[in-house]
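Subject: Structure handover

Hi,

Here is the structure I promised to pass on. Please open it alongside this note. My findings follow below.

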Amino acid sequence: CLFSEIEPDEWSEDLYIKMHNSSKTRETWAGYVNGQMAGVAYLWPFQGSWRTRCAEIGLTAFRPFFKHAARLARGALLEIMHHHDYAIRSFVGRVPCPNRHILNMLDTLGFQRKFKIPELFWYTRSQKHVDGWIVFADCQDIKATWEVQ
């Protein structure tokens with residue numbers, strides 16, 4: 001769900017390292033369950049501007065830990081909002097429409113589906129473009145979902 005244009009069989013260690021050592025990535029966060037890495041959150045400054053308080057976020061959970069994904073993501077987002085000097089105030093994400101599991105999880109985290117963009121993503125597996133959502137949440141949206149848990 002994080003890099004939907006890259007199929008699992010196209011991944012390599014070199015590609016992963018290259019993507020995550022890019023100057024465009026602000027931070028990488030890992031979530032653990034019982035000592036095992038369960039998922040990763042990536043942050044970029046929105047539109048590449050270092051003068052923003054909005055971060056573009058990418059979330060992924062490894063299959064054995066899907067049931068923990070929402071809790072891990074919420075914890076990471078709250079940590080990012082409250083304990084860093086760059087004071088992020090909101091988050092934007094891009095999600096392919098076929099990724100219903102991530103869209104449903106983001107709904108529970110307080111994200112709102114703002115814009116549906118036709119053919120935003122290329123899916124190698126199906127060899128076609130698919131629509132995608134622009135999602136958004138501010139700190140209050142995320143905090144509100146935490147308070148009802």
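How many helices and strands does the secondary structure of the protein come to? Four helices and six strands. Please keep in mind that this is a predicted model. From the N terminus, the elements follow the order α-β-β-β-α-β-α-β-β-α. The protein has 149 residues, and 43% of them are buried. Take the contacts between residues at least 6 apart in sequence: 56% of these join residues at least 24 apart.

The sheet

Six strands form an open sheet in the order β1-β2-β3-β4-β6-β5, and the pairing is mixed. β1 (27–33) and β5 (112–123) are the edge strands, each paired on one side only. On average, neighbouring strands of this sheet are turned by 30° against each other, direction ignored.

Three pairings to look at:

- β2 with β3: antiparallel, over seven bridges. Val40 stands opposite Thr60 in β3.
- β3 with β4: parallel, over three bridges. Here Ala55 stands opposite Phe91 in β4.
- β4 (residues 90–96) with β6 (residues 128–138): antiparallel, over seven bridges. Gly93 has Val135 as its bridge partner in β6.

Why is β3 largely enclosed by the rest of the structure? Because six of its eight residues are buried.

The helices on the sheet

Helix α2 covers residues 69–82 and packs on the sheet. It touches β1, β2 (36–45), β3 (54–61) and β4. The direction of α2 makes about 135° with that of β1. The length of α2 checks out: its 14 residues should span 20 Å at 1.5 Å a residue, and its end C-alpha atoms are 20 Å apart, which agrees. The buried residues of α2 are Ala69, Ala73, Arg74, Ala76, Leu77, Leu78, Ile80 and Met81.

Helix α3 (residues 100–108) lies across β3, β4, β5 and β6. It runs at about 155° to β4.

Just ahead of α2, His68 sits in the loop between β3 and α2. Is His68 buried or exposed? Its relative accessibility is 18%, under the 20% cut-off, so His68 counts as buried. The side chains of His68 and Arg71 are joined by a polar contact of 3.0 Å.

The core

The largest nonpolar core has 27 residues. Leu43, Leu59, Phe91, Met105, Leu106, Phe111 and Ile142 have the most contacts inside it. At least two residues of this core come from each of β2, β3, α2, β4, α3, β6 and α4 (139–147). Which element supplies the largest share of this core? That is α2, with six residues.

Phe111 is worth selecting in your viewer. Not counting residues up to four places away in sequence, it touches Ile57, Leu77, Phe91, Leu106, Val135, Phe136, Ala137 and Ile142. Among these, Phe91 and Ile142 are also on the list of residues with the most contacts inside the core.

Gly110 and Thr145

Gly110 is found in the loop between α3 and β5. It is buried, with a relative accessible area of 12%. Which residues is Gly110 in contact with, leaving aside its neighbours within four places in sequence? They are Phe136, Ala137, Asp141 and Thr145. Gly110 and Phe136 are 26 residues apart along the chain, yet their C-alpha atoms are separated by 8.4 Å.

Thr145 lies in helix α4. Its relative accessible area is 12%, so Thr145 is buried too. The Thr145 side chain makes two links. One is a polar contact with the side chain of Arg74, at 3.3 Å. The other reaches the backbone oxygen of Ile142, at 2.8 Å. Arg74 is itself one of the buried residues of α2. Leaving aside neighbours within four places in sequence, Thr145 is in contact with Arg74, Thr108, Leu109 and Gly110.

Over to you.

Best wishes

Methods:
Residues are numbered from 1 along each chain as its sequence is written. This is a predicted model: local features need pLDDT of at least 70, side-chain atom pairs count only at pLDDT 80 or more; totals for chains, interfaces and linings use all residues. Side-chain values use heavy atoms; hydrogens and water are left out. Two strands pair if DSSP finds at least two bridges between them. Axes are lines fitted to C-alpha atoms, for helices over the stretch in contact, and angles run from 0 to 180 degrees between N-to-C directions. Contact means heavy atoms within 4.5 Å. A nonpolar core is a set of buried Ala, Val, Leu, Ile, Met, Phe, Trp, Tyr and Cys residues joined through side-chain atoms within 4.5 Å. Buried means under 20% relative accessible area, exposed over 50%, partly exposed in between (1.4 Å probe, protein chains only). The expected span of a helix is 1.5 Å times one less than its number of residues. A polar contact is a pair of N or O atoms within 3.5 Å; within protein, one must be able to donate a hydrogen and the other to accept it, and residues adjacent in sequence count only if both atoms are side-chain atoms.
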